[in-house]
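Subject: The structure we talked about

Hi,

Here is the structure I promised to pass on. Have a look at it first, and my notes follow underneath.

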Amino acid sequence: MADEAQRSASRVDIVRALREAGWTGLITLGLLLPLIGFNTVQNIHNELVLETRWPLLVALVAIVASGRLLWGVLPHQRLKRGLAAYVGSPSKLAVTAAACWLIAMLARYTLDAVAESHTTLRMSLMAVVIIGACIGTVCTIGFVAAWTLARYPATTEPGRIRRHQIGVVLRAAALGFLVAYPMVMLWLTGFQGAIKWIDNFGIQILIYVMLGWGLNIVVGLAGLLDLGYVAFYAVGAYSYALLAQAFGLSFWILLPLAGILAAFWGVLLGFPVLRLRGDYLAIVTLAFGEIIRLILINWVAVTNGYAGVSGIPRPTFFGIPFNAEENGFAAVFGLEFSPIYRTVFLYYVILALALLTAAVTVRLRRLPVGRA
Amino acid sequence: MEVFVQQLINGITLGSIYGLIAIGYTMVFGIIGMVNFAHGDVFMVSAFIALIALLILTTWIGIGSLVLALLIVLIVAMALTSLVNWAIERVAYRPLRGSFRLAPLISAIGMSIFLSNFVQVAQGPRNKSIPPMFNEVIVLMADPDGYDVAVSYKQIVVWVVTALLLAGFWFVVSRTALGRAQRACEQDQRMAALLGVDVDRTVSITFVMAAALAAVAGTMYLMYYGVVSFADGFVPGVKAFTAAVLGGIGSLPGAVVGGLLIGLIETLWSAYFSTDYKDVAAFSILVITMIFLPQGLLGRPDVEKV
């Protein structure tokens, strides 16, 4: 009896799936008809006219409806069981990971052989590379996790110790990667190519990481949803920019000073605002963030409005400027001048600050303030 | 004096639009206790739907009568925006009901960003402007110095449409079974469900009604200013929310009163101080109200729910 009930539950109900797909398509059509079906463009008389995009609309509706149909007819129960068995087995994951990496690499080398003119083929090969690498990465991580779980069960004492050790090793490896990253990039891509990698993928990511950790203190640890958090980021940036321009103070004095100023603003806003709870707090902080942004934009005499502050003195290597002159960084250390040194240096500064943030956060949680 | 009266007229017009949006905030907050941040962007989407419907009617079909065109545009915009808001509620908020308190709020912020970016990608980042309509004015106070106080037809259209819709809406909420179900859900969702009210359906209908009013506001905004862009959702949205808070969130007449007040404050501020900081003024009112008068002008005293 139970077996039969289970089978009927997992049996695919085509009619129902079709009906649901039809409704989904209809709703999608209604949602997308005005904004995707029509495009408003200006003609040469500067009047708005309409263009239609029926193929795009039909394609999108078809994708959504067929996706819903597929979802409806898939045997979810069996798939779920199959996936669970798969994820639990390290050997299967290892084989899949290896296969994915192999396919991705093959596609990568075929890509080099294909001429530029075969756009479609190149695009599909690139898609294969990206998808293969993504699945490969997921499977590799899954393999490591499954292997660790299978080898060292958490229930036994030696297993727990081993897991702790693996954690320590992984953390050290991650830290080592972060420290070595600019050097590796310099070595891999050369002086010209590395700027992009260190700047966009290193410095900016670390800035976001720092912002994220800071926000985590407010939202995660204190439980206060602060939507105006970036306002403090703006306060810090403008403090540095304006003070450096007006008084010629150096980066190293202004770094803590900007922090203190932003913290001062935090205290100033905190007193009235923290009497509120939950979503009211979220909205007031949002409004404060907007007020600060609007003032920064509109107070043109001080902040130069949308054009922003330019000509901010650059950070120096503890007093030695990064330029091509006699007393510049490159000359002092007997190196050939390149703008890359500043980027690398800034990378390490921001890395140190990010690690400091992390350390402070971890300590803070143990202090009486953190426990509250 | 003339300047003041003229600004009063402009302010009431702007305030009616804010009031219509504010009702959407206040209703949704009343029924599920959530600040629907995406509501401002739903308003912007509705203005775009109205724009496209208007262009279809005037440039393709060639309807001569502007009043008829406006009526059709209103109905189309209300229907399609309702569908949009229904889908948003279904996809982004309903799965999170019963999650921790701030989850739907964060989801709504995401939805707001999604909507404005979607419109930017689908319709382009430029301002969309339409030729002005209902531009004739009625001079109320002729001034020999040349500063006449005048009411334009489009302002009258805004007032009439707003008043009619508010009356209809008031009737639905206070006199029909649906309105009773809404008020029941507002007081106690579980008890309402026990007494046979379909809570999910009532919440959906609340979102649909909020969207319909936002669509009216969007159509009026498009007609009044003659221009709309993908970024026009956030600031009117926050101002309407300010209006809802000022009037006492959860209170329907409060939303309208708050909307009118915010509209008046904004136009008078622009007339007598500076237009640059009019948004700062609105946000400051929001902050001050929230801190010193959290229950608003017409709201009930806030009871802490645990």
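Before the notes, one term: a residue is called buried here if 20 or more other C-beta atoms lie within 10 Å of its own. Please also keep in mind that this is a predicted model.

Chain A first. Its secondary structure comes to 14 helices and two strands. Of the 372 residues in chain A, 18% are buried. Looking at contacts in chain A with a separation of 6 or more, 60% are between residues 24 or more positions apart.

One helix to find in chain A is α8(A), residues 229–247. This helix has 19 residues and spans 27 Å from its first C-alpha to its last, close to the 27 Å expected at 1.5 Å a residue. Its buried residues include Ala231(A), Phe232(A), Val235(A) and Gly236(A), and further along Tyr240(A), Ala241(A) and Ala244(A) are buried as well. As a reminder, an α-helix has 3.6 residues a turn, so residues three or four places apart point the same way. Just after α8(A) comes Gly248(A), with a positive phi of about 65 degrees.

Now the two strands. β1(A) and β2(A) pair in the antiparallel sense, over five bridges. Within that pairing, Thr40(A) sits opposite Leu50(A) of β2(A). Five residues lie between the strands of this hairpin, where Asn46(A) has a positive phi near 65 degrees.

Both strands turn up again where the chains meet. There, 29 residues of chain A are in contact with 32 residues of chain B. On the side of chain A that touches chain B, the elements giving two or more residues are α2 (14–37), β1 (38–42), β2 (48–52) and α10 (278–298). The largest share of that side is 13 residues, and α10(A) supplies it. Sorted by class, the chain A side has 21 nonpolar, five polar and three charged residues.

On to the cores. The largest nonpolar core has 114 residues, and among those with the most contacts inside it are Phe48(B), Ala77(B) and Leu213(B). Helix α8 of chain B (residues 199–225) gives the largest share of this core, 16 residues. Chain A takes part too: domain 1 (2–74) and domain 3 (192–371) of chain A each supply at least three residues. If you want one residue to click on, try Phe48(B): leaving aside neighbours within four places in sequence, Phe48(B) is in contact with Leu35(A) from the other chain, plus Val119(B), Gln123(B) and Val228(B). There is also a second, separate core of ten residues, including Leu206(A), Ile340(A), Tyr347(A) and Ala354(A).

Two last spots in chain B. Lys154(B) lies in helix α5 of chain B, residues 153–175. Why does Lys154(B) count as buried? Because Lys154(B) has 21 C-beta neighbours inside 10 Å, and the cut-off is 20 or more. Not counting residues up to four places away in sequence, Lys154(B) touches Met133(B), Phe134(B), Met223(B) and Tyr224(B).

The other spot is helix α11 of chain B (residues 278–292), with 15 residues and a reach of 21 Å from first C-alpha to last, close to the 21 Å expected at 1.5 Å a residue. Among the buried residues of α11(B) are Lys278(B), Asp279(B), Phe283(B), Leu286(B) and Met290(B).

Cheers

How values were computed: Residues are numbered from 1 along each chain as its sequence is written. Chains are lettered from A and ligands numbered from 1 in the order in which they are written. This is a predicted model: local features need pLDDT of at least 70, side-chain atom pairs count only at pLDDT 80 or more; totals for chains, interfaces and linings use all residues. A nonpolar core is a set of buried Ala, Val, Leu, Ile, Met, Phe, Trp, Tyr and Cys residues joined through C-beta atoms within 7 Å. A residue is buried if 20 or more other C-beta atoms lie within 10 Å of its own, exposed if 12 or fewer, and partly exposed in between; C-beta atoms are placed from the backbone. Helices (H or I, at least four residues) and strands (E, at least two) are DSSP runs, numbered from the N terminus. Domain bounds come from an automatic or database domain assignment. Two residues are in contact if their C-beta atoms, placed from the backbone, lie within 7 Å. The expected span of a helix is 1.5 Å times one less than its number of residues. Ala, Val, Leu, Ile, Met, Phe, Trp, Tyr, Cys and Pro count as nonpolar, Asp, Glu, Lys and Arg as charged, and the others, Gly among them, as polar. Two strands pair if DSSP finds at least two bridges between them.
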